[in-house]
Amino acid sequence: MPGMTGTESLARCIAIDGPTASGKSAVGRALAEALRVGFFDTGLMYRACTLAVARAGTPLDDERAVTALVCSLPLDMRWPDPTEPHVFLGDEDVTSLLRTPEIEAKVSLVSRIEDVRVELVRRQREIASREPVVMAGRDIGTRVLKEARTKIFLDASSEVRARRRLGEELDSGRTSTFDEVLSATRRRDELDNTGDRAIHPDQRAHDALLIDTDALGIDEVVARCIEAYRRLNPGT
Ligand code: C5P
């Protein structure tokens with residue numbers, strides 16, 4: 001934004017954390033639309049790196065090789081529409097290739113490598129210091145945007161999250177069962193529970209607002225987030 005310093009841009013961002021399928025994307029998109037800023041889904045970055053690693057045939061247990069590849073990637077985020085982040089590897093828009101079972105199965109193995117995280121956190125901060133964004137992930141309030149005034153932690157039981165995810169999978173033509181999706185959801189939580197990541201509410205940033213979405217509709221969740229944003233950024 002014209003006239004805004006990098007420091008103020010980082011402080012103005014909204015950080016959203018929470019476990020898999022807790023509603024971060026739906027809430028993040030709605031907030032981005034209401035506040036007229038970009039929605040930055042950091043999971044897409046980890047997924048795009050996983051795609052690049054798979055394409056290169058780099059063994060996932062070779063942490064140095066995976067890190068070297070990630071650091072060399074021409075990875076970029078662009079916003080044809082503020083609510084729809086697209087991720088590019090060079091000139092190729094890979095966004096539509098990132099929600100496959102193959103990527104889902106491997107992404108936690110890439111994202112647990114600390115040097116990969118250092119590199120992606122650096123790139124995420126660089127983008128957020130250009131102009132305020134709504135940024136969603138697992139370590140946004142605890143690491144990437146510690147200075148963001150508005151931090152939200154979205155929680156929901158694993159059963160509710162699995163039911164939501166099952167709906168998405170059935171809609172996209174897959175034939176998963178509830179029990180399969182429930183155990184995949186729990187497994188991803190377990191694999192993602194390392195480092196500065198907040199998967200459980202008690203791991204959230206000390207100044208993050210906790211919202212349990214089990215019994216709330218999306219409109220109610222978004223309204224609470226906007227109220228917090230306006231209170232913490234007077235005059236916006
Ligand atoms: O949010 P989404 O499910 O798309 O994220 C995919 C994976 O990327 C997560 O399961 C996690 O392993 C990793 N991730 C992460 N830190 C973030 C965002 C995503 O480790 N900030």
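Here are some friendly notes on this predicted model, taken region by region.

1. Let's begin with the ligand. Its shell counts 15 residues, and the closest are Ser-111, Arg-117, Arg-188, Asp-192 and Arg-197. Sorted by class, that shell holds eight charged, five polar and two nonpolar residues.

2. Which helices each supply at least two residues of the shell around the ligand? They are helix 3, helix 5 (101-111) and helix 9 (178-192). Helix 3 gives the most, with four residues.

3. Three polar pairs with the ligand deserve a look on screen. An oxygen atom of the ligand sits 2.8 Å from a polar side-chain atom of Arg-47. For Arg-117, a side-chain N or O atom is likewise 2.8 Å from an oxygen atom of the ligand. Asp-139 deals with a nitrogen atom instead: an N or O atom in the Asp-139 side chain is 2.9 Å from a nitrogen atom of the ligand. As for cover, the ligand on its own has 450 Å² of accessible area, and the protein covers 96% of that.

4. Now to the sheet, an open one made of three strands in the order 3-4-5, with antiparallel pairing. Strand 3 and strand 5 (92-93) are at the edges with a single partner strand each, so each has one side without a neighbour in the sheet.

5. The pairing of strand 3 (residues 75-81) with strand 4 (residues 84-89) can be followed residue by residue. The two run antiparallel and are joined by five bridges, and a hairpin of two residues connects them. Two places are handy for checking the register: Leu-75 has Leu-89 of strand 4 as its bridge partner, and Arg-78 stands opposite His-86 in strand 4.

6. Leu-60 is a good residue to click on next. The loop that holds Leu-60 runs between helix 3 (42-56) and helix 4 (63-72). Is Leu-60 buried, exposed or partly exposed? Its relative accessibility is 21%, so Leu-60 counts as partly exposed; the cut-off for buried is under 20%. Beyond its neighbours up to four places away in sequence, Leu-60 touches Val-53, Val-66, Lys-106, Leu-109, Val-110 and Ile-113. For a sense of the fold here, Leu-60 and Glu-102 are 42 residues apart in sequence, while their C-alpha atoms are 13 Å apart in space.

7. Ser-9, in helix 1 (residues 6-12), is another residue to inspect. With 0% relative accessibility, Ser-9 counts as buried. What does the side chain of Ser-9 reach at 2.7 Å? The answer is the backbone oxygen of Ala-128. Ala-128 also appears among the contacts of Ser-9, which, leaving aside neighbours within four places in sequence, are Met-4, Ala-128, Ser-129, Arg-130, Glu-131 and Pro-132.

8. Last comes Thr-150, which belongs to strand 7 (residues 150-155). Thr-150 has a relative accessible area of 1% and is therefore buried. The side chain of Thr-150 makes a polar contact of 3.4 Å with the side chain of Asn-233. Not counting residues up to four places away in sequence, Thr-150 touches Cys-13, Ile-14 and Ala-15, together with Cys-225, Ala-228, Tyr-229, Leu-232 and Asn-233. Asn-233 is thus on view twice, as a residue that Thr-150 touches and as the partner in that side-chain polar contact.

Terms used
Residues numbered from 1 in each chain as written. Predicted model: local features only at pLDDT ≥ 70, side-chain atom pairs only at ≥ 80, totals over all residues. Heavy atoms only, no water. Buried < 20%, exposed > 50% of the residue type's maximum accessible area, 1.4 Å probe, protein only. Contact = heavy atoms within 4.5 Å. Near = heavy atom within 4 Å. Polar contact = N/O pair within 3.5 Å; in protein donor to acceptor, adjacent residues only side chain to side chain. Areas by Shrake-Rupley, 256 points an atom, 1.4 Å probe, with all protein chains shown as cover. Nonpolar A, V, L, I, M, F, W, Y, C, P; charged D, E, K, R; others polar. Pairing = 2+ DSSP bridges.
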